[in-house]
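Trainee: I should like to learn how to read a structure feature by feature. Could we work through one together?

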Amino acid sequence: MNPAYATTDHLFTVPLDHSLPDGPTLQVFAREVVDPARTKDQLPWLLYLQGGPGGKAPRPSAGSPGWLPQALKTHRVLLLDQRGTGRSTPVTAKSASRFASPSELAAYLAHFRADAIVADAELIRGQLCGDEPWETLGQSYGGFLTLTYLSQAPHGLRSCYVTGGLPGLTATADDVYHRTYPRVRDRVLDFYARYPDDAAGLRRIADLLTSEDIRLPGGDRLTTRRLRTLGLVLGMGDGFERLHWLLDESLAPDGELTDTFLHQVESLTGFTDNPLYAVMQETLYGQGADPTAWAAARSLTDFPEFAEDADPLLLTGEMIYPWMFREIKGLRPFADAADLLAQRTDWPPLYDPRRLAANQVPLAAVVYHDDMYVDAGLSLRTAHDVGATRAWVTNEWEHDGVTASNGRVLARLMDLATGRA
């Protein structure tokens, strides 16, 4: 029992493959959270759909996550560890290494996309709520899950709130990355404009990594291309400062990289806690016959300003590359399976455009105008194409606005959904 919240842990058994209900099963964990003063009240349920893919639900503490106190004013909240994350039969490097072959591992991982997560949620709703629909709050990838939910089981939903996560319904992985690289470039240049010395500092580090074999604490070699993946943090509200202060302690007086810097880089780029983020990233866009085929790596060649010897050195963002699965310890057991997933040509569709066009479930979404991760143009097109949708466009917050705003974003979306705003 948290002093700020009353919590109840739930564990559910779900099929690995929902089309084979009598086949292998997984355990899915979820934590119920309610205001301690309202534990006996009949409150509507709000299911939180975490960003990712591969992210576990937040662990509540006093005032955190920032949106939770606002939600608990009116709702009973369910924090779901999506299959493969947290306490839900986690997918880890150790568990991946137990599979007999890459093809077996790839077949297993194919059951960890949005359609399976939504099927889990519906099974859980039936056990907790019976026939009553619930509401959802989808952050980032949680918005992708919301659109799959509205495509597959709209009867289970009363209202939906999406923060920085309306996907392009028909956008391919190539479409997404050709839009993403220019946004990342502009964000990195904005970072250098705020902290001009960091551009030179990153170039010095890159030159050092090119000339010397520098190892991270876990044994991986730190390369320039791994260094560049630190750009992932720049899309969050505090991302510029997090990266700046990391670089502030990067070099010792003798010119060597500090242990503090190497430890933090390993933590930020190692995928130890969330390998599914890397493994499943491009499968988000797999629909139909065309393979994703490492789209981020292929698209990179169309942007010469991202060359490793270019000046200034451009960091990368939410892109996953095949080299990661050979060079990063926590991803190596997935390498051959990830290649198989990248070549798969029979991914089932995740969205039903006809059903979404006829949607009647109130959907309120915030689109962050300058979002580095999710393209605002694609999001607004989707908002136009999905029935009963009201979109709010703002540049007041970055991608983590639902948390950084301390509940104001969620409150506004709830008002939008009910017509009060």
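**Reading a predicted model**

Mentor: Let us begin with a single contact: the backbone nitrogen of Glu-396 lies 3.0 Å from a polar atom in the side chain of Thr-394. Please keep in mind that this is a predicted model.

Trainee: Where does Thr-394 lie?

Mentor: Thr-394 belongs to strand S8, which covers residues 389–394.

Trainee: Is Thr-394 buried or exposed?

Mentor: The reading rests on relative accessible area, with buried meaning under 20%. Thr-394 has a relative accessible area of 9%, and therefore counts as buried. Leaving aside residues up to four places away in sequence, Thr-394 touches Val-366, Val-367, Tyr-368 and His-369.

Trainee: Which class does Asn-274 fall into, by its relative accessible area?

Mentor: Partly exposed covers the range between under 20% and over 50%. Asn-274 is partly exposed because its relative accessible area is 26%. Asn-274 sits in the loop between H10 and helix H11 (275–280). Its C-alpha atom is separated by 21 Å from that of Val-402, a residue 128 residues away along the chain.

Trainee: How should I read the length of a helix, for example the span of helix H7?

Mentor: One compares the distance between the end C-alpha atoms with the span expected at 1.5 Å a residue. Helix H7 (residues 196–211) has 16 residues and should therefore span 22 Å; its end C-alpha atoms are 24 Å apart, which agrees.

Trainee: What of helix H4 and its reach?

Mentor: Helix H4 (residues 114–129) also has 16 residues, and reaches 21 Å from first C-alpha to last, close to the expected 22 Å. Just after H4, Gly-130 adopts a positive phi of about 65 degrees.

Trainee: Which residues of H7 and H4 are buried?

Mentor: A general point helps with such lists. An α-helix has 3.6 residues a turn, so residues three or four places apart point the same way. In H7 the buried residues include Leu-202, Ile-205 and Leu-209. The elements covering the buried residues of H7 include helix H6 (173–194), helix H8 (224–228), helix H9 (239–248) and helix H10 (259–269). In H4 the buried residues include Ile-117, Ala-121 and Ile-124, together with charged ones such as Asp-120 and Arg-125. Among the elements that cover the buried residues of H4 are strand S1 (6–15), strand S5 (134–139) and helix H5 (141–152).

Trainee: Which domains does the assignment give?

Mentor: The domain assignment divides the chain into domain 1 (6–170 + 351–418) and domain 2 (173–343). The contact draws 35 residues from domain 1 and 34 residues from domain 2. The domain centres, taken over C-alpha atoms, are separated by 27 Å.

Trainee: How much area do domain 1 and domain 2 bury between them?

Mentor: The size of an interface is often given as the accessible area lost when the parts come together. Here domain 1 and domain 2 bury about 2800 Å² between them, with 63% of it on carbon and sulfur atoms. Within domain 1, Pro-53, Met-372 and Tyr-373 lose the most area to domain 2, together 27% of what that side buries.

Trainee: How many salt bridges and polar contacts are found across the interface?

Mentor: The rule finds three salt bridges across the interface of domain 1 and domain 2, and 16 residue pairs in polar contact. On the side of domain 1 that touches domain 2, H3 gives the most, with five residues.

Technical notes. Residues numbered from 1 in each chain as written. Predicted model: local features only at pLDDT ≥ 70, side-chain atom pairs only at ≥ 80, totals over all residues. Heavy atoms only, no water. Helix = DSSP H or I, 4+ residues; strand = E, 2+ residues; numbered from the N terminus. Expected span 1.5 Å × (residues − 1). Buried < 20%, exposed > 50% of the residue type's maximum accessible area, 1.4 Å probe, protein only. Contact = heavy atoms within 4.5 Å. Domains from an automatic or database assignment. Buried area = accessible area lost by both parts, 1.4 Å probe. Salt bridge = Lys/Arg side-chain N within 4 Å of Asp/Glu carboxyl O. Polar contact = N/O pair within 3.5 Å; in protein donor to acceptor, adjacent residues only side chain to side chain.
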